[in-house]
Amino acid sequence: MDETVQDLLVRLYTHHNLEKEQFVFILDHLDDESKKMLFELANKTRIEHYGRRVFMRGLIEFSNLCKQDCLYCGIRKSNKTVDRYRLSFADILACCEEGYNLGYRTFVLQSGEDFWFSTERMSELIRLIKKQYEDVAITLSVGERSYETYQAWYEAGASRYLLRHETASPALYAAMHPTMTFANRRACLANLKQIGYQIGAGFMVGLPEQTHEDLALDLLYIAQLQPHMIGIGPFIPHHATPLADSKGGTVDDTLVMVALARLIVPDGLLPATTAIGSLHPRGRELALQAGANVVMPNLSPIMVREKYELYENKICTGDESAACRACIEVRISAAGYTVDMQRGDSTRITPLRFF
Ligand code: SAH
C-alpha cells in the first residue's frame, strides 16, 4: 500500500469512500496515534453537520415475542427461558405520554418479530400515536415485513425505520441467521428506502469469526446504501443462546467502526448505542466523541425492561424514564455536547410529506 493509514483517513474524510482493501489496511494497521486522528476527524465531521447537538429518541420495547432465531439474540424464539410480554395499546400510549411530557419528540417502537402486530393493528397504533401527538416522529424497528406492510405503516404516519443489516458478510450472515436470508434483509432495506422512510441500517462488531474483511464489507455496504441512520454496537454474548461462550466485541473496536461510519456518511444519524454503554461505564460518551450524535434512552415500563434482554448486563433496566432522561443529559453535557429534544430529522432530505 503506497499510502499510510493516516493518508487513507484523510482521503476518507475528504472523499467519504475507499476501496475494500484500503479499509482492511486501516483496520489491520490502526495504531494509537492514527486512532486518535480518526476520532478527531469523525468528531470534526459531525460538528460540521450537526454541531454539538445530540438528538434524543425515546425507546419503547413493546414486545419480546419473536418468530426469528438469530444466534446472538437473547429473545430468539428458541430461548425458552424468556418471560415473554406484549404491551397493550394503552401501555404503549402511556409510555408515549410520559415520553412526551419529558420532552421527547421521537418515539422508537421496537420489538421482536411479533406478528400479532399485524399490518392493520400496527397501522392503528401508529395512527393513535400520531393523533395524540401530532409533532412527534415515529420510528419503527420491528423487523422484516412485506413492501405492502411497510407502505401501509408509512401511510399511517411512521416516517423512519431501523433495520440493521447485522453483517454485510454473506457467510457470516448465513451462520448467524438460521431463519432469515441476507437477500431478504437487503431487499427490506431497499423497499423501505424506496417507500420514503428515513432508514437505519447497521451492524454488530465482534461477532464470532468476524474478520476485518467482513467489517470492510459493512463499511462498503453503508457507503453504497447511504442510510440516514447507522446503528453500530458491540456483540455481547447472552448466556441462553448458542453463542454464550463467545468473546464478544470490544468498546475500542466499536468506536473505530462508529468513527469510520461517520466519515463515510458525514450527515448520518449515529446512535451511541445502549450496547456500548453496557460494556463500559462511559461507553456512550466515548461513542459521542467518536462521531455519534444520537442517544436512545428507554421509555419502556420498568416492569418489562429486564425481559427485553437481547444481551447480558444491559444498562438502565431499573431506572424510571425520568431518571434515564436526567442521567443521560448530565453525561452528554459532561462529554462536551448539548441535548437537543427536537425531532432531529436527517438533514439530508426534506421529507416529501412531513408527518
Ligand atoms: N426485531 C427487530 C429489532 C431487533 S433488536 C429487527 O429485526 O430489526 C435490535 C438490535 O439489537 C438487532 O438489530 C441487533 O443488531 C442487536 N442485538 C441483538 N442481540 C444482540 C447481542 N447479543 N449483542 C448486541 N446486540 C444485539
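Here are a few exercises on helix packing and the largest pocket in this predicted model.

**Exercise 1. Work out how α5 and α6 are oriented relative to each other, and find the residues that meet.**

Step 1: Start with the general idea. Two packed helices are described by an angle and a distance, both taken from their axes.

Step 2: Get those two values. Helix α5 covers residues 119-132 and helix α6 covers residues 147-156; their axes lie 8 Å apart, at an angle of about 20°.

Step 3: Put a word to the angle. Angles under 35 degrees count as roughly parallel, so α5 is roughly parallel to α6. The crossing of this pair is right-handed.

Step 4: Look at who touches whom. From α5 come T119, M122, S123, I126, R127 and K130, and they meet T149, A152, W153 and A156 of α6. Sorted by class, this contact has 5 nonpolar, 3 polar and 2 charged residues.

**Exercise 2. Do the same for α9 and α10, and sort their contact residues by class.**

Step 1: Take the axes. Those of α9 and α10 come within 10 Å and cross at roughly 30°.

Step 2: Apply the cut-off. Under 35 degrees is roughly parallel, so that is the word for α9 and α10. Their crossing is right-handed.

Step 3: List the residues. L215, L219, I222 and A223 in α9 meet M257, L260, A261 and I264 in α10. The classes are quick to fill in: 8 nonpolar, no polar and no charged.

**Exercise 3. Find the word that describes how α2 and α9 lie to each other.**

Step 1: Helix α2 (residues 20-29) packs on α9 at an angle of about 125°, with the axes 9 Å apart.

Step 2: Check the ranges. Roughly perpendicular runs from 65 to 115 and roughly antiparallel is over 145. Neither fits, so α2 and α9 are oblique to each other. The crossing is right-handed.

Step 3: Check the contact. On the α2 side you have K20, F23, V24, L27 and D28; on the α9 side, H212, E213, L215, A216, L217, L219 and L220. That contact has 8 nonpolar, 1 polar and 3 charged residues.

**Exercise 4. Describe the largest pocket and its lining.**

Step 1: Give the volume, which is about 330 Å³.

Step 2: Find the centre. There are 18 lining residues, and V205, H212, L215, T250 and D253 are the closest to the centre.

Step 3: Name the elements. Two or more lining residues come from each of α9 (212-225) and α10 (251-264), and α10 gives the largest share, 3 residues.

Step 4: Sort the lining by class: 8 nonpolar, 7 polar and 3 charged.

Conventions. Residues numbered from 1 in each chain as written. Predicted model: local features only at pLDDT ≥ 70, side-chain atom pairs only at ≥ 80, totals over all residues. Heavy atoms only, no water. 1 Å grid on protein atoms, 1.4 Å probe; cavity = no way out; pocket = protein on both sides within 12 Å on 5 of 7 lines; lining within 4 Å. Points joined across faces, edges and corners; volume = space filled by probe spheres on them. Helix = DSSP H or I, 4+ residues; strand = E, 2+ residues; numbered from the N terminus. Nonpolar A, V, L, I, M, F, W, Y, C, P; charged D, E, K, R; others polar. Axes fitted to C-alpha atoms, helices over the stretch in contact; angles between N-to-C directions. Left-handed = near helix turned anticlockwise from the far one by under 90°. Contact = heavy atoms within 4.5 Å.
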